[in-house]
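Reader: Please take me through this model slowly, and tell me at each step how the words you use are justified.

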Amino acid sequence: MKKILMLLLSTTLLISCGGDGKKEEKKENSIKLNTQEKPNEEKEEGVTRVYLTGSDQMKFNKNEIVVNAGDKVILTFEHVGKLPKETMGHNFVLLKEGTNVQEFGQEALEFKENDYIPEGSDAIITHTEMLGGGEKTEITFKAPAKGKYDYICSFPGHVALMNGVLTVK
């Protein structure tokens, strides 16, 4: 009898302490600032604006850019890392269709004084300068004919991770 009474009291105590089954809502007392990131692509008639970044983790923020053939492309490229260009430089190099990316990367190794851009190469459509952490640049070019064009960072060792495709419709 004593065991049954203790069991009933314990059960009653557990049930009464369990609340009314409603989950408590937590209110956040924080202020949200306008931290909107820059858009990746903005299109207007005949013009495409692209915002591309490279990081200290050897990554572009996007692996595909889509534009229309003949469009004026305004590409803003920013190195969002902190490391200097001598140890973690980044650039954007748009290659002609059919270019062997690995062979181009190997050739680029020989042109340190030219920011790893092979002089006189007919494989390049356009490129930016080499940037260090916190730097930004902008280039403007006319989108080539319809097709798929590789883009890379030509800094030594970056080609394998920092690459993407410019799709021209």
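**The two sides of a helix**

Author: Let us begin with α3, where Gln-102, Glu-103 and Gln-106 are exposed, on the other side of the helix from its buried residues. The model is a predicted one, in which local features need pLDDT of at least 70 and side-chain atom pairs count only at pLDDT 80 or more, while totals for chains, interfaces and linings use all residues. Residues are numbered from 1 along each chain as its sequence is written, and side-chain values use heavy atoms, with hydrogens and water left out.

Reader: What makes a residue exposed or buried?

Author: The relative accessible area decides, found with a 1.4 Å probe and protein chains only: under 20% is buried, over 50% is exposed, and partly exposed is in between. In helix α3, which covers residues 101-108, the buried ones are Val-101, Phe-104, Gly-105 and Ala-108. Helices are DSSP runs of H or I with at least four residues, strands are runs of E with at least two, and both are numbered from the N terminus.

Reader: How do you know which side of α3 they are on?

Author: Because these buried residues cover an arc of only 100° around the axis, they lie on the same side of α3; the arc is that of the directions from the helix axis to the C-beta atoms. What covers them includes β5 (93-95), β6 (124-127) and β8.

**A proline and a tyrosine in a loop**

Reader: Why is Pro-118 called buried?

Author: Pro-118 has a relative accessible area of 2%, and the limit for buried is under 20%, so the word applies. This proline, in the loop between α3 and β6, touches Phe-104, Glu-107, Ala-108, Phe-111 and Ile-124, leaving aside residues up to four places away in sequence; such a contact means heavy atoms within 4.5 Å. Pro-118 and Glu-107 are eleven residues apart in sequence, and their C-alpha atoms are 6.7 Å apart in space.

Reader: Is Tyr-116 buried or exposed?

Author: Tyr-116 is buried, since its relative accessible area is 11%. It is found in the loop between α3 and β6, and its phi is near 60°, a positive value in a residue other than glycine.

**Strands and core**

Reader: How do you know that β8 and β9 pair?

Author: Two strands pair if DSSP finds at least two bridges between them, and six bridges join β8 to β9, which run antiparallel. Within this pair, Lys-148 stands opposite Thr-167 in β9. β3 and β9, by contrast, pair in the parallel sense over four bridges, and one of the partnerships is that of Glu-64 with Val-165 in β9.

Reader: What makes β3 and β6 edge strands?

Author: The five strands of an open sheet with mixed pairing come in the order β3-β9-β8-β5-β6, and β3 and β6 are at its edges, as each pairs on one side only.

Reader: What is a nonpolar core?

Author: It is a set of buried Ala, Val, Leu, Ile, Met, Phe, Trp, Tyr and Cys residues joined through side-chain atoms within 4.5 Å. The largest one here has 26 residues, and Leu-75, Phe-92, Tyr-151 and Leu-166 have the most contacts inside it. Elements giving two or more residues to this core include β2 (47-54), β4 (72-79) and β7 (136-142), and β4 gives the most, with three residues. Another core, of nine residues, lies apart from it and has Leu-95, Ile-117, Ile-124 and Ile-152 among them.
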